[in-house]
Amino acid sequence: MMLKRLLLFTVTCLLLVSCSDDPSTFTDEPPELPPVASVDVDMATLTGSTQPKTAATQSGDYYIQAVFRAGIIKKVIDTNLLIPKNLLIAAGDTVAQLNDDQQWEWNYSYTANTGDFAVRLVAERIASSVVNWSFFVTADHLELENHLLFTGTTKNEGQEGTWTYNGLQDPENAQHLSEINWSVQEEQTELRLDILSDRLVAAGSYIDFSFDGEQKSLVYYDAGEDRTTNIAWNMDTKAGYIIAPDINNGEKACWGEQQENVSCSE
């Protein structure tokens, strides 16, 4: 009797594993592409209407100072995320095909200011609901052929994951430029960008971005200056605050719906 129960338990476990991690389910249809929000830090509601360069002559205007520093942060973000973001968007207009290795593959072209790129995106499932993604690019003007530009992993039904960005540098001198850890669930987005090279800012710098459906916030740590800047703003009212060592003596500095300086207790 005990042997029968053991056999029944073993068969049941095998069936459960088979149903939850059946490789054939992956080849039936391609996995959903990772969300663009996994490589996107949208600051348009903060920076869209004001020119950051005016900050130099308006040092006491907290909103202008926030926009100025957001512009600096945006350069770091674009250096590491703009190309992955554009390639991920472009993949959405392409139909995936199952290759000979039973992996899903998207092949398409992308045109940037610097020239044309042939892109090959490969998706490989490594466990139930866990998918590896690899973006390869070929660009004659950069002498790149099948170069691994960035790679990542999604899990939890594509709601969270990681990216590693290698950039468009010579493969012989390649190094990881940055890493991204992200989570996108309904209206809640969290993204952490860690800088691994000294290409634009010092290695060890990082950016934390979060969005809860109403408020967006940025934390930027500049490892070269050992300085942290915090910026947060409301998507609807446009009110917000900044915390930086050289603004308001390092204390929280707030602005209102008309971008005027206000008390943070309001």
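In the predicted model, D78 is partly exposed, with a relative accessible area of 28%, and its side chain meets that of K74 in a salt bridge whose nitrogen and oxygen atoms are 2.6 Å apart. K74 is likewise classed as partly exposed, at 38% relative accessibility. Both residues belong to helix α4, where a spacing of four residues separates D78 and K74 by about one helical turn.

This pair belongs to a set of six salt bridges in the structure. Another of the salt bridges joins the side chains of K85 and D40, with an N to O distance of 3.2 Å. Because K85 lies in helix α4, which covers residues 62–91, whereas D40 sits in the loop between α2 (23–28) and α3 (44–47), this pair ties together parts that are 45 residues apart in sequence. The two partners are both partly exposed, K85 having a relative accessible area of 23% and D40 one of 22%; since the buried class is reserved for values under 20%, neither K85 nor D40 falls within it.

A further salt bridge is formed by R192 and D194, whose closest N and O atoms are 3.0 Å apart. R192 is partly exposed, with a relative accessible area of 28%. The interaction does not stand alone, for R192, D194 and D208 are linked in a network of salt bridges.

Considered as a whole, the protein contains four helices and 14 strands. Of its 266 residues, 38% are buried. When contacts between residues at least 6 apart in sequence are considered, 37% of them join residues that are at least 24 apart. The area exposed by the protein amounts to about 14800 Å², of which carbon and sulfur atoms supply 49%.

Attention may next be given to backbone geometry in the loops. Most residues other than glycine have a negative phi. Against this background, D226 has a positive phi of about 50° although it is not a glycine. D226 is found in the loop between β10, which spans residues 215–222, and β11, which spans residues 227–234, and with a relative accessible area of 59% it is exposed. N249, which is also not a glycine, has a positive phi of about 60°. The loop that holds N249 runs between β12 (240–243) and β13 (253–255), and N249 is exposed there, with a relative accessible area of 75%. D226 and N249 therefore both count as exposed, a class that requires a relative accessible area of over 50%.

The distribution of charge on the surface includes a patch of negative charge, in which E186, E187, D212, E214 and D236 gather. Among these residues, D236 is placed in the loop between β11 and β12. The strand β11 also borders the loop that contains D226, while β12 borders the loop that contains N249. D236 is exposed, with a relative accessible area of 62%.

Conventions:
Residues are numbered from 1 along each chain as its sequence is written. This is a predicted model: local features need pLDDT of at least 70, side-chain atom pairs count only at pLDDT 80 or more; totals for chains, interfaces and linings use all residues. Side-chain values use heavy atoms; hydrogens and water are left out. A salt bridge is a side-chain nitrogen of Lys or Arg within 4 Å of a carboxyl oxygen of Asp or Glu. Helices (H or I, at least four residues) and strands (E, at least two) are DSSP runs, numbered from the N terminus. Buried means under 20% relative accessible area, exposed over 50%, partly exposed in between (1.4 Å probe, protein chains only). Contact means heavy atoms within 4.5 Å. Accessible areas come from the Shrake-Rupley method with a 1.4 Å probe; for residues, only the protein chains shown count as cover. Patches are made of residues with over 30% relative accessible area and no salt bridge: like charges are joined within 9 Å, nonpolar side chains (Val, Leu, Ile, Met, Phe, Trp, Tyr) within 5 Å. Lys and Arg count as positive and Asp and Glu as negative; His and the chain ends are not counted. The place of a charge is taken as NZ of Lys, CZ of Arg, CG of Asp or CD of Glu.
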